[in-house]
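Colleague: I am new to this structure and would be grateful for a close look at its interior. Please describe the empty space inside and the packing that accompanies it.

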Amino acid sequence: MHPVFRWTLALAAVGAVAGWIVTSPDSLDGEALNALASAPAEVSDGERIFWASGCASCHIAPGAEEDDAPILAGGQAFATAFGTFYAPNISASSEAGIGDWTREEFATAVQKGVSPEGSHYYPAFPYAAYAKARPEDVAALYEFMKTLPEDATPSKPHDVGFPFNIRRSIGGWKLLFGQSDWVFDQPENDVVAHGRYMVEALAHCGECHTPRNPLGGLEYSQWLAGGPNPNGKGKIPGITPAQLDWSDEDVFYYLTTGFTPDFDSAGGHMTSVVSNLARLPEEDVRAIVAYLKALP
């Protein structure tokens, strides 16, 4: 064998091993696990986190109502340029949902995008945002979700073609785009800091209102500036001060009622967002308004 060819094979083998290592699913580190294990878990707190995080908006069955105890059977379709993703069953069912998950497995899924079986979840699940959530909030969310109804509906497999159906490649996507730092890193006061937590971590507003690059990563330099709808139909508006000149009260009223200053109303997926935010304490929504107004 020619030396050049031998070296090429060796380098290819080393590259394959390195690629396998860096794309491997990652779990929570020891510090995070300790914080999670020792976190108090109040079901009432978990209910607030549940609505702030929009869990029901994606995971209730198509056409179902978001009542106080939603059935999280999954099944809603989310069309993208990479394929169609279907929200899975995350009810308390041990057979079809997450009923037999441990707190650690739940947190690893929510904040690392890794299943209890050790495979990557697609980033249609906004774990890059949830990675910023506090351990006590994740623990409380886990406890609350255990109180919701069970449903035995099997999760529907995603309709994703090659090469996006190679789950291992998502590890590379996470390395490139799984940012866990705050986007707005200089909140001017505690209210804005709380709003940042609500917007960037729990409500994951950037997942819809920030444009994406060709690989589906968020363009953080255009944070909340709006962009094409992932399903290819229409555009999602920007919500920075440069694009939204509503007063604080206008924004607050819209987020809690769905009505705009021009007597229009929220449509599409935003109707679910409004329904969720309307269930939160007023100070949470006021903090979201303060954050949006404080953006550069």
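Modeller: A cavity is a set of grid points where a 1.4 Å probe fits but cannot get out, whereas a pocket is an open set. The model is a predicted one, and two cavities of 30 Å³ or more are found in the structure.

The largest cavity holds about 190 Å³ of space. Its lining consists of 22 residues, and those nearest its centre are Ala 128, Ala 129, Glu 207, Leu 218 and Tyr 220. Two or more lining residues come from each of α6, α8, α9 and α10 (206-209), with α6 giving the largest share, three residues. Sorted by class, this lining comprises 14 nonpolar, four polar and four charged residues.

The second largest cavity contains about 30 Å³ of space. Ile 239, Thr 240, Pro 241, Leu 244, Val 251, Leu 292 and Lys 293 form its lining. Five of these residues are nonpolar, one is polar and one is charged.

An open space may be set beside these enclosed ones. The second largest pocket has a volume of about 540 Å³. It is lined by 23 residues, and Asp 26, Gln 111, Lys 112, Ala 131 and Ser 180 lie nearest its centre. The elements α2 (30-38), α5, α6 (127-130) and α8 (169-177) each give two or more residues to that lining. Thus α6 contributes to the lining of this pocket and also to that of the largest cavity; α8 likewise appears in the pocket lining and in the cavity lining. The pocket lining is made up of 11 nonpolar, seven polar and five charged residues.

There remains the packing of the interior. In soluble globular proteins, nonpolar side chains tend to be buried together. Here the largest nonpolar core has 58 residues, and Phe 50, Phe 106, Leu 224, Leu 255 and Tyr 291 touch the most other members. Among the elements that supply two or more residues to this core are α3 (43-53), α5 (103-112), α9 (190-202), α11 (248-257), α12 (270-277) and α13 (282-294). A second, separate core of five residues includes Phe 85, Tyr 122, Tyr 127 and Val 160.

Leu 255 may serve as an example from the largest core. Apart from neighbours within four places in sequence, Leu 255 is in contact with Met 270, Val 274, Leu 277, Ala 278, Val 285, Ile 288 and Val 289.

Note on methods: Residues numbered from 1 in each chain as written. Predicted model: local features only at pLDDT ≥ 70, side-chain atom pairs only at ≥ 80, totals over all residues. Heavy atoms only, no water. Core = buried A, V, L, I, M, F, W, Y, C linked by side-chain atoms within 4.5 Å. Buried < 20%, exposed > 50% of the residue type's maximum accessible area, 1.4 Å probe, protein only. Helix = DSSP H or I, 4+ residues; strand = E, 2+ residues; numbered from the N terminus. Contact = heavy atoms within 4.5 Å. 1 Å grid on protein atoms, 1.4 Å probe; cavity = no way out; pocket = protein on both sides within 12 Å on 5 of 7 lines; lining within 4 Å. Points joined across faces, edges and corners; volume = space filled by probe spheres on them. Nonpolar A, V, L, I, M, F, W, Y, C, P; charged D, E, K, R; others polar.
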